Every structure is written in C-alpha cells, then in structure tokens.
Amino acid sequence: MNITEKTRRIKNLALEAGFDKTGVAAAAVLPQAQYLKTWLAEGRHGEMQWMENYLDKRLDIRKLYPQARSVIMVAHNYFTPHQHSADKSTGKISRYAWGRDYHTIIKKKLKRLLQEFKELDPKIEGQIFCDTAPVQEKLWAVQAGLGWQGKNTNLLTKGFGSWLFLGGIVINQELEYDDPLPDYCGNCTACIDACPTSALKPYQLDARRCLSYLTIEYWNKPIPSEFFSKMNNWVFGCDICQDVCPWNRKAKPTAEPKYHPSPENRAPKLQALAELDEAAFKKRFKKSPVFRAKFQNFLRNVKIISGLGI
Ligand code: B12
Ligand code: SF4
Ligand code: SF4
C-alpha cells in the first residue's frame, strides 16, 4: 500500500469511528509551541502546576513518543441544540459538561482506532491522547488542518465552530500531511469584548482571570471576591467567549447521544445543588466532566452564585 492510500484509509477509519474531523501532521517541533514557555513564565497558568510538568514533551512530541513520525488528530462535535437557561434560580454548567465525560468516550474510540490502524499495517505502533498526555492538542489540530486557533484561543472550524473535543494518535509511520488553514477571525473581537473578567487578549488567555479555570481548576481556595459579580450563574466552566463567536452560529448537532444533556445538568436548580452532600455529588456527577471540580470546590461555586444570583 502506498503512502497516499494508507493516509486515505487511516482518515476514513477515523471518520467511520464517528469523529467529525481528522487530519495528519508531521511529528516535528511546532514553532508556536514555544509560546507556552512565556505563558508559564508569566504565571498565566495560575495554580495548574501540572502544566509545568513534562515541558520538554509539550514542546516536542518526539520526547513523548520517540518513534513519532505522524500525529493523527481527531475532533468530536459536542454541540446540542439547547441554550443556557436565563432563570436566575438555576446554575450554568458549560456545554461541554452537559453529557457524559468526553475523555471516556474519545479514549475508547481512539484505542479501537489504533487497533484498526495495526490491522491495516502491522508495522504501525502508536500512542493515543485526549487530555491524557503532555501534548498541546489545539496546536496539533491546527497543524493537521482541522481549523485555526481563534482569538479566544479555542480551535475553531467553519463547519462545527469551536464545539469540538480534541484527541489524537501519534504513530511511528510517515503519512501524507495536511496544510494548516488560514485564520478566519479577521477583525472580529467579539470574544474579547464579551469576556466578563477581561481574561483574553488576542490569542492569549490569562487563566487566573478565566471563570472556567476559577470554577473547575482552582482548588481548595476561595475565589477572589472581585470575580463574584462576574460569575453570572456559571457554577462550572464558562461558554461566553464561544457563545458570542459568529462561527458558532453555524454549529450542527452532534451525532453522539452521550453528549446530549441530562436535564438536571443543563439547568440545575441552585438550591438543589447547594443541598448536595459529597455522596450525592459523586452519584450525580460521577460520569460527568463536573466530577473534575471535586465536591468542595463545586459547592464553593454554588454558594457564591446563590449568594448573589437568587
Ligand atoms: C490547560 C487547559 C485549560 C485551561 C487554560 C486554557 C487555555 N486557553 O490554555 C483552562 C482551565 C482555563 C481551560 C478552559 C477551557 N478549556 Co481547556 N484545556 C487545557 C489543556 C489541558 C491544555 C491547553 C494548553 O496547553 N494551554 C497552554 C496555553 C499556552 O495555550 P493557549 O492559550 O492555547 O495558547 C497558545 C496560542 O494561543 C498561542 N499563543 C500564545 N500566546 C500567543 C501570542 C501571540 C502573539 C500569538 C500569535 C499566539 C499566541 O500559542 C500558545 C501555545 O500553544 C487542553 C488539553 C490539551 N492537552 O491540550 C484543554 C482544552 C484546550 N480545553 C478545552 C475546552 C473545551 C475548554 C473550555 C471551552 C471549557 C469550558 N467551556 O469551560 C475552556 C475554554 C476557555 C478558553 N477561552 O480557552 C478543549 C478545547 C477544544 C477546542 N475546540 O479548542 C481542550 C483541547 C481539551 C480537549 N481535549 O478537547 N482549559
Ligand atoms: S471562558 Fe469565560 S471567563 Fe474564560 S476567557 Fe472565555 S469568556 Fe472569559
Ligand atoms: S469571536 Fe471572533 S475573534 Fe473570537 S474566536 Fe470567534 S471569530 Fe475569532
């Protein structure tokens, strides 16, 4: 099988597995990856010390997987045709966390996909990743031609907007590579203007000011009171800089039933959330991305919102 045919069949397998977009990049150092060093040096990752780990691997995928030749990137659409509730007695949970945890869904698909690659060519060896390895997934998705990184720093596409989860497989074989796409943000600054905490400047995020970070990754500390009035009922994550993006108006509903919201996650009553004890939290959110926040931090978020929002 020649390289063109192998690449074509690998991409077809990825689409047949249910992924919405796929593309391939050569495993090399990406110049844009170096921005991560500045981001960390300026402390913009806040308390996410795990982002400092394995920096060499985040900057060069061949340090993560020495046999690396190609990076096959996939994107999975999670958009469902529902809106956030404007009812102040409810909390807002980010769209990405309305359904089941994407890590489980995507990792299962990627494992099966790698097996299928090996059936196609027994010489193929590889490693899967979906938030599970020190890889800058958005940059690899850009390099593999899936889309461009918007000014809100998310991977953005013409067909699906930014409502996409990312994952990939790094393999030991050369393939034919896709070209990165142009940046279609143009003069738009809607995401930057709409961010309630001024966490964004073009293509750069200060996580310390981002509600997504503060409500999900900022553990065991009180959220600084300057953000209370900006939280606008976001108890877990934040979708504002995506909701205002013009490219997201063209989003199509996902074909994955597991990303559809359970009614209790899309617009949960704040009072019911405030009454959860740890066991009830675990039972309710065990299979949801919300579990990541941990009970005490989730409760902290709910209490802040309840104090201001009702
Ligand atoms: C850490 C992290 C976070 C942090 C930091 C976010 C961030 N922007 O980096 C926090 C907790 C805030 C976060 C929030 C969210 N996250 Co997150 N997160 C990650 C994670 C684990 C690493 C990202 C990373 O490497 N950041 C490092 C910084 C430096 O990267 P960056 O901001 O993108 O900066 C790059 C460019 O902007 C550019 N750059 C930087 N400076 C400059 C300057 C100039 C002049 C230029 C031109 C370029 C440039 O180079 C940088 C280097 O890569 C990835 C998974 C992964 N392993 O990749 C998921 C990931 C990025 N998150 C994801 C999601 C869904 C979210 C949220 C939408 C969830 C939500 N609704 O609350 C929000 C989005 C907030 C936002 N506007 O970014 C998805 C994004 C999918 C997509 N379509 O892009 C990912 C890929 C997870 C996944 N596997 O699907 N996240
Ligand atoms: S997720 Fe919310 S707080 Fe974070 S950058 Fe986007 S709009 Fe701002
Ligand atoms: S809102 Fe505008 S500037 Fe921001 S990511 Fe979308 S198109 Fe780009």
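# Exercises on a predicted two-domain model

The largest nonpolar core of this predicted model holds 81 residues, and Val71, Met73 and Ala141 have the most contacts inside it. This core takes at least three residues from each of domain 1 (3–82 + 98–171) and domain 2 (190–251 + 261–309).

## Exercise 1. The surroundings of Val71

Determine which residues valine 71 touches, and describe the strand in which Val71 lies.

**Solution.**

Step 1. Leave out residues up to four places away in sequence; valine 71 then touches Ala25, Ala27, Ile61, Trp140, Ala144, Gly168 and Val170.

Step 2. Place Val71 in its strand. Strand β2 covers residues 70–77, and 8 of its 8 residues are buried.

Step 3. Separate the two faces. In a regular strand the side chains alternate between the two faces of the sheet. In β2, Ser70, Ile72, Val74 and His76 lie on one side, while Val71, Met73, Ala75 and Asn77 lie on the other, and all are buried.

## Exercise 2. Strand pairing around β2 and β7

Establish how β1, β2, β4 and β7 are joined, and in which sense the paired strands run.

**Solution.**

Step 1. Begin with strand β1 (residues 21–26), which is antiparallel to β2 and joined to it by 6 bridges. Within this pair, valine 24 has isoleucine 72 as its bridge partner.

Step 2. Proceed from β2 to β7: these strands are also antiparallel, with 8 bridges between them. Methionine 73 is opposite glycine 168 of β7, and histidine 76 is partnered by phenylalanine 165.

Step 3. Add strand β4 (residues 126–129), which pairs with β7 in the antiparallel sense over 4 bridges. Here isoleucine 128 has isoleucine 169 as its bridge partner.

Step 4. Examine the covering of β7. Of its 8 residues, 8 are buried. Leu164, Leu166, Gly168 and Val170 are on one side, with Phe165, Gly167, Ile169 and Ile171 on the other.

## Exercise 3. The contact between the domains

Describe how domain 1 and domain 2 are placed and what classes of residue domain 1 presents to domain 2.

**Solution.**

Step 1. The C-alpha centres of the two domains are 25 Å apart.

Step 2. Across the boundary, 25 residues of domain 1 contact 26 residues of domain 2.

Step 3. Sorted by class, the side of domain 1 that touches domain 2 comprises 7 nonpolar, 12 polar and 6 charged residues.

## Exercise 4. The three ligand shells

For each of ligands 1, 2 and 3, identify surrounding residues and the class composition of the shell.

**Solution.**

Step 1. Ligand 1 has 39 residues around it, of which Tyr35, Glu137, Leu155, Ser212 and Gly237 come nearest. The elements giving two or more residues to this shell are α2 (35–41), α6 (137–143), β7 (164–171), β9 (204–205) and α8 (211–217). The shell divides into 22 nonpolar, 12 polar and 5 charged residues, and each domain contributes at least three residues.

Step 2. Ligand 2 is surrounded by residues including Asn152, Cys195, Cys210, Cys238 and Cys241. Both α8 and α9 (240–243) supply at least two residues of this shell. Its composition is 9 nonpolar, 3 polar and no charged residues.

Step 3. Ligand 3 is surrounded by 13 residues, the closest being Gly150, Cys185, Cys188, Cys191 and Cys245. By class, 9 are nonpolar, 3 polar and 1 charged. Domain 1 and domain 2 each provide at least three residues of the shell around ligand 3.

Methods
Residues are numbered from 1 along each chain as its sequence is written. Chains are lettered from A and ligands numbered from 1 in the order in which they are written. This is a predicted model: local features need pLDDT of at least 70, side-chain atom pairs count only at pLDDT 80 or more; totals for chains, interfaces and linings use all residues. A residue is near a molecule or strand if its C-beta atom, placed from the backbone, lies within 6 Å of it. Ala, Val, Leu, Ile, Met, Phe, Trp, Tyr, Cys and Pro count as nonpolar, Asp, Glu, Lys and Arg as charged, and the others, Gly among them, as polar. Domain bounds come from an automatic or database domain assignment. A nonpolar core is a set of buried Ala, Val, Leu, Ile, Met, Phe, Trp, Tyr and Cys residues joined through C-beta atoms within 7 Å. A residue is buried if 20 or more other C-beta atoms lie within 10 Å of its own, exposed if 12 or fewer, and partly exposed in between; C-beta atoms are placed from the backbone. Two residues are in contact if their C-beta atoms, placed from the backbone, lie within 7 Å. Two strands pair if DSSP finds at least two bridges between them.
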